[in-house]
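Colleague: I have a new model on my screen and would like to go through it with you before I get back to the bench. Can we start with what holds the inside together?

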Amino acid sequence: MYEELLKKLQPRGVRLVVVSKTHPPERILELYRCGQRDFGENRVQELVQKASLLPNDIRWHLIGHLQTNKVRHVIPFVYMIHSVDSLRLMLEIEKHARSTGRIVDCLLQFHIAQEATKYGLTEQEAHDLLQSAEYAGLKHVRLCGVMGMATFTDDVDQIRAEFRHLRRIFEQLKEQYFAQAPYFRELSMGMSSDWSIAVEEGSTIVRIGSLIFGERN
Ligand SMILES: *Cc1c(COP(=O)(O)O)cnc(C)c1O
(Lines give C-alpha, C1' and ligand atoms only; values in the text may rest on other atoms or scores of the structure.)
Protein backbone atom coordinates (compact mmCIF):
# COMPACT_ATOMS: atom_id res chain seq x y z
CA MET A 1 0.00 0.00 0.00
CA TYR A 2 2.86 2.37 0.81
CA GLU A 3 4.30 2.20 -2.71
CA GLU A 4 0.85 2.60 -4.27
CA LEU A 5 0.17 5.66 -2.17
CA LEU A 6 3.48 7.24 -3.14
CA LYS A 7 2.70 6.64 -6.79
CA LYS A 8 -0.48 8.63 -6.41
CA LEU A 9 0.91 11.39 -4.19
CA GLN A 10 4.35 12.09 -5.62
CA PRO A 11 3.26 13.22 -9.12
CA ARG A 12 0.97 15.76 -7.48
CA GLY A 13 3.68 17.02 -5.13
CA VAL A 14 1.77 15.93 -2.02
CA ARG A 15 3.93 15.06 0.98
CA LEU A 16 3.12 11.83 2.80
CA VAL A 17 3.46 11.93 6.58
CA VAL A 18 3.31 8.35 7.82
CA VAL A 19 1.45 8.34 11.13
CA SER A 20 3.34 5.87 13.30
CA LYS A 21 1.54 6.33 16.63
CA THR A 22 1.19 3.08 18.61
CA HIS A 23 3.58 1.26 16.24
CA PRO A 24 7.03 0.17 17.39
CA PRO A 25 10.31 1.60 16.07
CA GLU A 26 10.97 -1.53 13.98
CA ARG A 27 7.92 -0.83 11.83
CA ILE A 28 9.09 2.74 11.33
CA LEU A 29 12.53 1.50 10.30
CA GLU A 30 11.05 -0.75 7.62
CA LEU A 31 9.60 2.30 5.91
CA TYR A 32 12.70 4.35 6.62
CA ARG A 33 14.67 1.79 4.63
CA CYS A 34 12.25 2.33 1.72
CA GLY A 35 13.21 6.00 1.82
CA GLN A 36 10.39 7.40 3.96
CA ARG A 37 11.54 10.31 6.14
CA ASP A 38 8.35 12.09 7.31
CA PHE A 39 6.65 10.48 10.29
CA GLY A 40 3.84 11.79 12.50
CA GLU A 41 3.05 11.16 16.15
CA ASN A 42 0.24 12.56 18.24
CA ARG A 43 1.64 12.15 21.75
CA VAL A 44 4.69 13.97 23.05
CA GLN A 45 6.05 11.20 25.23
CA GLU A 46 5.86 8.63 22.45
CA LEU A 47 7.39 11.06 19.98
CA VAL A 48 10.35 11.87 22.23
CA GLN A 49 10.92 8.21 22.99
CA LYS A 50 10.90 7.14 19.34
CA ALA A 51 13.01 10.05 18.16
CA SER A 52 15.71 9.03 20.63
CA LEU A 53 15.81 5.51 19.17
CA LEU A 54 15.60 6.24 15.46
CA PRO A 55 17.84 7.88 12.82
CA ASN A 56 18.17 11.61 13.26
CA ASP A 57 17.39 12.52 9.68
CA ILE A 58 13.75 11.57 10.26
CA ARG A 59 11.44 14.58 9.99
CA TRP A 60 9.11 14.29 12.98
CA HIS A 61 5.68 15.91 12.68
CA LEU A 62 3.66 16.49 15.83
CA ILE A 63 0.05 16.10 14.74
CA GLY A 64 -1.81 15.78 18.06
CA HIS A 65 -2.88 18.30 20.63
CA LEU A 66 0.10 19.89 22.38
CA GLN A 67 -0.11 21.01 25.99
CA THR A 68 1.96 24.05 26.87
CA ASN A 69 3.76 22.20 29.66
CA LYS A 70 5.12 19.67 27.14
CA VAL A 71 6.37 22.09 24.51
CA ARG A 72 9.95 22.14 25.74
CA HIS A 73 10.38 18.40 25.17
CA VAL A 74 9.77 18.58 21.42
CA ILE A 75 11.29 21.92 20.45
CA PRO A 76 14.90 20.71 20.10
CA PHE A 77 14.10 18.30 17.28
CA VAL A 78 10.53 18.54 15.96
CA TYR A 79 10.27 19.28 12.22
CA MET A 80 6.74 20.67 12.14
CA ILE A 81 3.94 21.16 14.68
CA HIS A 82 0.58 20.74 12.93
CA SER A 83 -1.63 21.39 15.94
CA VAL A 84 -1.15 25.02 16.96
CA ASP A 85 -4.51 26.27 18.16
CA SER A 86 -3.90 29.11 20.61
CA LEU A 87 -1.78 32.20 21.13
CA ARG A 88 -0.77 30.82 24.51
CA LEU A 89 0.71 27.77 22.82
CA MET A 90 2.51 29.91 20.24
CA LEU A 91 4.06 32.04 22.97
CA GLU A 92 5.32 28.92 24.69
CA ILE A 93 6.77 27.56 21.44
CA GLU A 94 8.42 30.95 20.87
CA LYS A 95 10.01 30.91 24.30
CA HIS A 96 11.61 27.49 23.93
CA ALA A 97 12.51 27.91 20.27
CA ARG A 98 14.31 31.14 21.12
CA SER A 99 16.32 29.56 23.89
CA THR A 100 17.16 26.60 21.62
CA GLY A 101 18.16 28.93 18.80
CA ARG A 102 15.62 27.48 16.40
CA ILE A 103 12.81 28.69 14.20
CA VAL A 104 10.02 26.12 14.42
CA ASP A 105 7.62 25.49 11.55
CA CYS A 106 4.00 25.33 12.66
CA LEU A 107 0.53 24.99 11.18
CA LEU A 108 -2.65 26.54 12.56
CA GLN A 109 -5.18 23.83 13.31
CA PHE A 110 -8.79 24.65 12.43
CA HIS A 111 -11.98 23.09 13.64
CA ILE A 112 -13.77 22.12 10.43
CA ALA A 113 -15.61 18.97 11.51
CA GLN A 114 -19.07 18.68 13.02
CA GLU A 115 -17.82 16.66 15.96
CA ALA A 116 -17.63 18.79 19.06
CA THR A 117 -14.60 17.04 20.52
CA LYS A 118 -11.98 17.99 17.98
CA TYR A 119 -9.45 20.69 18.71
CA GLY A 120 -8.82 23.68 16.53
CA LEU A 121 -9.41 27.36 15.95
CA THR A 122 -12.43 29.07 14.51
CA GLU A 123 -11.82 31.60 11.77
CA GLN A 124 -12.53 34.45 14.14
CA GLU A 125 -10.03 33.15 16.67
CA ALA A 126 -7.41 32.91 13.95
CA HIS A 127 -7.96 36.52 12.88
CA ASP A 128 -7.75 37.69 16.49
CA LEU A 129 -4.53 35.77 16.95
CA LEU A 130 -2.91 36.99 13.73
CA GLN A 131 -3.83 40.61 14.47
CA SER A 132 -2.53 40.58 18.02
CA ALA A 133 0.56 42.48 19.14
CA GLU A 134 1.91 39.33 20.78
CA TYR A 135 1.81 37.45 17.50
CA ALA A 136 3.58 40.31 15.74
CA GLY A 137 6.46 39.95 18.18
CA LEU A 138 7.14 36.28 17.47
CA LYS A 139 10.46 35.59 15.77
CA HIS A 140 10.94 31.86 16.31
CA VAL A 141 7.56 30.52 15.21
CA ARG A 142 7.06 30.29 11.47
CA LEU A 143 3.49 29.67 10.34
CA CYS A 144 3.59 27.54 7.20
CA GLY A 145 -0.10 26.88 6.66
CA VAL A 146 -3.12 25.16 8.15
CA MET A 147 -4.30 21.74 9.30
CA GLY A 148 -7.71 20.21 9.84
CA MET A 149 -9.63 16.98 10.22
CA ALA A 150 -12.92 16.26 8.50
CA THR A 151 -15.86 14.66 10.27
CA PHE A 152 -15.62 10.88 10.59
CA THR A 153 -18.49 9.96 8.28
CA ASP A 154 -19.32 8.03 5.10
CA ASP A 155 -20.86 11.16 3.62
CA VAL A 156 -18.36 12.05 0.92
CA ASP A 157 -20.09 15.33 0.12
CA GLN A 158 -19.78 16.49 3.69
CA ILE A 159 -16.10 15.55 3.86
CA ARG A 160 -15.45 17.36 0.60
CA ALA A 161 -17.28 20.47 1.81
CA GLU A 162 -15.22 20.53 5.00
CA PHE A 163 -11.92 20.23 3.11
CA ARG A 164 -13.08 22.95 0.74
CA HIS A 165 -13.83 25.13 3.73
CA LEU A 166 -10.31 24.59 5.07
CA ARG A 167 -8.84 25.46 1.72
CA ARG A 168 -10.85 28.68 1.61
CA ILE A 169 -9.56 29.57 5.07
CA PHE A 170 -6.02 28.87 3.91
CA GLU A 171 -6.37 31.05 0.84
CA GLN A 172 -7.93 33.88 2.75
CA LEU A 173 -5.22 33.88 5.41
CA LYS A 174 -2.56 33.70 2.72
CA GLU A 175 -3.98 36.73 1.00
CA GLN A 176 -4.60 38.76 4.12
CA TYR A 177 -1.51 37.99 6.23
CA PHE A 178 1.04 35.96 4.25
CA ALA A 179 1.05 37.41 0.74
CA GLN A 180 4.79 38.09 1.07
CA ALA A 181 5.56 34.78 2.76
CA PRO A 182 6.29 31.97 0.28
CA TYR A 183 6.65 29.47 3.12
CA PHE A 184 2.95 29.82 3.96
CA ARG A 185 1.92 27.08 1.54
CA GLU A 186 0.87 23.95 3.44
CA LEU A 187 -2.61 22.50 3.63
CA SER A 188 -2.36 19.47 5.93
CA MET A 189 -5.55 17.49 5.38
CA GLY A 190 -6.45 13.90 4.61
CA MET A 191 -6.13 10.66 6.59
CA SER A 192 -6.54 6.96 5.72
CA SER A 193 -10.26 7.17 5.02
CA ASP A 194 -10.42 10.49 3.19
CA TRP A 195 -6.99 11.27 1.73
CA SER A 196 -8.07 11.03 -1.92
CA ILE A 197 -10.84 13.60 -1.40
CA ALA A 198 -8.37 15.83 0.42
CA VAL A 199 -5.89 15.62 -2.46
CA GLU A 200 -8.63 16.51 -4.93
CA GLU A 201 -9.38 19.55 -2.79
CA GLY A 202 -5.79 20.76 -2.78
CA SER A 203 -4.05 19.08 0.15
CA THR A 204 -0.25 19.44 0.21
CA ILE A 205 0.34 17.09 3.18
CA VAL A 206 -1.61 13.93 3.98
CA ARG A 207 -1.26 12.17 7.36
CA ILE A 208 -1.80 8.44 6.94
CA GLY A 209 -1.48 5.66 9.49
CA SER A 210 -3.81 2.67 9.40
CA LEU A 211 -3.90 2.38 5.62
CA ILE A 212 -0.17 1.66 5.72
CA PHE A 213 0.27 -0.14 9.04
CA GLY A 214 -3.14 -1.78 9.44
CA GLU A 215 -5.68 -0.97 12.12
CA ARG A 216 -4.38 0.21 15.49
CA ASN A 217 -5.33 -1.74 18.60
C1 LIG B 1 -4.13 9.20 13.97
C2 LIG B 1 -4.13 10.46 13.18
C3 LIG B 1 -4.04 10.45 11.77
C4 LIG B 1 -3.97 9.17 10.97
O5 LIG B 1 -5.11 8.41 11.10
P6 LIG B 1 -5.35 7.11 10.19
O7 LIG B 1 -6.81 6.99 10.13
O8 LIG B 1 -4.68 5.98 10.89
O9 LIG B 1 -4.72 7.36 8.87
C10 LIG B 1 -4.01 11.66 11.10
N11 LIG B 1 -4.06 12.83 11.76
C12 LIG B 1 -4.16 12.89 13.10
C13 LIG B 1 -4.24 14.23 13.76
C14 LIG B 1 -4.20 11.72 13.85
O15 LIG B 1 -4.29 11.80 15.19
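Modeller: Let me fix one term before anything else: a nonpolar core here is a set of buried Ala, Val, Leu, Ile, Met, Phe, Trp, Tyr and Cys residues joined through side-chain atoms within 4.5 Å. Please also keep in mind throughout that this is a predicted model.

Colleague: Fine. Which residues touch the most other members of the largest nonpolar core?

Modeller: That core has 63 residues, and those touching the most other members are L16, I81, M90, I93, L108, F110 and L143. Helix α8, which covers residues 156-177, gives the most to this core, with six residues. Apart from it lies another core, this one of six residues, with V17, M80, M147 and I205 among them.

Colleague: What does I81 touch, leaving out residues up to four places away in sequence?

Modeller: With those neighbours set aside, I81 is in contact with L62, L66, I75, I93, V104, D105, C106 and L107.

Colleague: I see C106 in that list, so how many disulfides does a search of the whole structure find?

Modeller: The search of the whole structure finds zero disulfides. C106 is in none, and the nearest cysteine sulfur to it, which belongs to C144, is 7.5 Å away.

Colleague: And why is there no bond for C144?

Modeller: Because the closest cysteine sulfur to that of C144, the one in C106, is 7.5 Å away, which is too far for a bond, the cut-off for a disulfide being sulfur atoms within 2.5 Å.

Colleague: Are those two cysteines buried or exposed?

Modeller: C106 has a relative accessibility of 0% and therefore counts as buried, and C144, at 2%, counts as buried as well.

Colleague: Changing topic to charges, how many salt bridges are there?

Modeller: A search of the whole structure finds 14 salt bridges. As background, side chains of opposite charge can pair when their charged atoms come close. One of the bridges joins E41 and K50, whose closest N and O atoms are 2.8 Å apart.

Colleague: Is that pair buried or exposed?

Modeller: E41 is buried, its relative accessible area being 0%, and K50 is buried too, with a value of 5%.

Colleague: Which other pairs are worth a look?

Modeller: R160 and E200 meet through their side chains in a salt bridge, at 2.8 Å from N to O. This pair links distant parts of the chain, since R160 sits in helix α8 and E200 in helix α9 (residues 195-200), with their positions 40 residues apart. R160 is partly exposed, with a relative accessible area of 21%, and E200 is also partly exposed, with 47%. There is a network as well, in which salt bridges that share partners join E41, R43, E46 and K50.

Colleague: What about a pair within one helix?

Modeller: E92 and K95 form a salt bridge at 3.5 Å, N to O, and both lie in helix α5 (residues 87-100), three residues apart, or about one turn of the helix. In general, an α-helix has 3.6 residues a turn, so residues three or four places apart point the same way. K95 counts as partly exposed, at 41% relative accessibility, whereas E92 is among the buried residues of α5.

Colleague: Which residues of α5 are buried, and what do they pack against?

Modeller: The buried ones are L89, M90, E92, I93, E94, H96 and A97. The elements they pack against are α4 (71-74), β4 (80-84), β5 (104-110), α6 (123-130), α7 (133-136) and β6 (141-148). As for the helix length, the 14 residues of α5 should span 20 Å at 1.5 Å a residue, and its end C-alpha atoms are 20 Å apart, which agrees. After α5 comes G101, with a positive phi near 75°.

Colleague: Where else is there a positive phi of about 75°?

Modeller: T22 has one, although it is not a glycine, and T22 lies in the loop between β1 (15-19) and α2 (25-33). Most residues other than glycine have a negative phi.

Colleague: Last one: what is the overall picture?

Modeller: The protein has 10 helices and eight strands, and buried residues make up 51% of its 217 residues. A compact globule with 217 residues would have a radius of gyration near 17 Å, and the protein has 17 Å, which agrees.

Note on methods. Residues numbered from 1 in each chain as written. Predicted model: local features only at pLDDT ≥ 70, side-chain atom pairs only at ≥ 80, totals over all residues. Heavy atoms only, no water. Buried < 20%, exposed > 50% of the residue type's maximum accessible area, 1.4 Å probe, protein only. Helix = DSSP H or I, 4+ residues; strand = E, 2+ residues; numbered from the N terminus. Contact = heavy atoms within 4.5 Å. Salt bridge = Lys/Arg side-chain N within 4 Å of Asp/Glu carboxyl O. Expected span 1.5 Å × (residues − 1). Rg over C-alpha atoms; globule rule 2.2 N^0.38 Å.
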